[in-house]
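Me: I have a structure to get through for class. Can you walk me through it?
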Amino acid sequence: MLQIKLLYELLLCKFLQMLKKGTKLYSILTGSCPKCHEESMYLDKNPYHLGNLYKMHETCSHCNTTYKIEPSFFYGAMYVSYALSIAFGVAFFVISRLFLQTTLLTSFITIAVDLIVCTPLIARLSRNIYINMFIHFDKNWKQNL
Ligand SMILES: [Zn+2]
């Protein structure tokens, strides 16, 4: 029992270390600039303000990184969005079917409703993941201006 608790604390500690500035996970989860992690890429941080869902700053005010690397850059985030939607759907299915032991129809309805509710979140996360594939964190960004 003590070993399980220690393992849990170790995993939690490792997870919290992955959320620190300087990691891709930090930039993906917070929507901050992938190069310097100093400011949000979005004009409105809340993805559920649907009118501002895709409104982004042109460049980072700290490190001058241009977010839209080329015209229509974020169309590629659609592929990431597809994969994320499937991952969310599988997670909702497992939670409803295995843990809550619902019927197949209820599980299907749960997946549909939850995916609709999570669409803005998935849209933002997929953009964050996509831009982090191309722009990497630079701890010396101040010297490279
Ligand atoms: Zn920046």
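Reply: We can take the overall layout, then the helices, then some single residues.

Me: ok, what kind of model is it, and what does the pLDDT average?
Reply: This is a predicted model. The protein averages a pLDDT of 92, and 100% of the residues score at least 70.

Me: which element has the lowest mean pLDDT, and which the highest?
Reply: Among the elements, α1 has the lowest mean, 80. Helix α4, residues 104-134, has the highest, at 96.

Me: how many helices and how many strands?
Reply: There are four helices and zero strands. Read along the sequence, the pattern is α-α-α-α.

Me: compact or spread out?
Reply: The protein is more spread out than a compact globule, because its radius of gyration is 18 Å and the globule rule gives 15 Å for 145 residues. The C-alpha atoms fill a box of roughly 55 × 45 × 25 Å along the principal axes.

Me: and how much of it counts as buried?
Reply: Of the 145 residues, 15% count as buried. As for contacts between residues at least 6 apart in sequence, 56% of them join residues at least 24 apart.

Me: start with α1. buried or in the open?
Reply: Helix α1 lies largely in the open, because the number of buried residues among its 17 is zero.

Me: what span should it have, and what does it have?
Reply: Helix α1 covers residues 2-18. At 1.5 Å a residue it should span 24 Å, and its end C-alpha atoms are 24 Å apart, so the two agree.

Me: now α3. what's its reach?
Reply: Helix α3 has 23 residues and reaches 31 Å from first C-alpha to last. That is close to the 33 Å expected at 1.5 Å a residue.

Me: which residues of α3 are buried, and what do they pack against?
Reply: The buried ones are Ala77, Val80 and Ser96. They pack against α4.

Me: what about Leu98, buried or exposed?
Reply: Leu98 sits in helix α3. It counts as exposed, with 10 C-beta neighbours inside 10 Å. Its C-alpha atom is 50 Å from that of Lys142, and the two residues are 44 apart along the chain.

Me: does a record say anything about these helices?
Reply: An unreviewed UniProt entry carries the annotation "transmembrane region" for residues 73-96 and 102-123.

Me: how much helix is in each of those spans?
Reply: Residues 73-96 are 83% helix and 0% strand, with end C-alpha atoms 36 Å apart. Residues 102-123 are 91% helix and 0% strand, and there the end C-alpha atoms lie 28 Å apart.

Me: what comes between α3 and α4?
Reply: A loop that includes Gln101 and Thr102. Gln101 has a positive phi of about 50° although it is not a glycine.

Me: why point that out?
Reply: Most residues other than glycine have a negative phi.

Me: is Gln101 buried or exposed? and Thr102?
Reply: Gln101 counts as exposed, with 9 C-beta neighbours inside 10 Å. Thr102 is partly exposed, with 16 other C-beta atoms within 10 Å. Not counting residues up to four places away in sequence, Thr102 touches Ser96, Arg97, Ser107 and Thr110.

Me: where else is there a positive phi on a non-glycine residue?
Reply: Asn64 has one, about 65°. Asn64 is in the loop between α2 and α3, and it is partly exposed, with 13 C-beta neighbours inside 10 Å.

Me: what about Ser61, buried or exposed?
Reply: Ser61 is also in the loop between α2 (24-30) and α3 (77-99). Ser61 is exposed, with 12 other C-beta atoms within 10 Å; 12 or fewer is the cut-off for that word. The C-alpha atoms of Ser61 and Met41 are 9.7 Å apart, and the residues are separated by 20 places along the chain.

Me: changing topic: which residues make up the largest nonpolar core?
Reply: Five residues make it up: Cys33, Cys36, Met41, Tyr42 and Cys60.

Me: what is Cys33 in contact with?
Reply: Leaving aside neighbours within four places in sequence, Cys33 contacts Glu38, Glu39, Met41, Cys60, His62, Cys63 and Thr65. Met41 and Cys60 in that list also belong to the core.

Terms used
Residues numbered from 1 in each chain as written. Predicted model: local features only at pLDDT ≥ 70, side-chain atom pairs only at ≥ 80, totals over all residues. UniProt positions renumbered as here; feature names shortened; annotations may be inferred. Helix = DSSP H or I, 4+ residues; strand = E, 2+ residues; numbered from the N terminus. Core = buried A, V, L, I, M, F, W, Y, C linked by C-beta atoms within 7 Å. Buried ≥ 20, exposed ≤ 12 C-beta atoms within 10 Å, placed from the backbone. Contact = placed C-beta atoms within 7 Å. Expected span 1.5 Å × (residues − 1). Rg over C-alpha atoms; globule rule 2.2 N^0.38 Å. pLDDT = per-residue confidence, 0-100.
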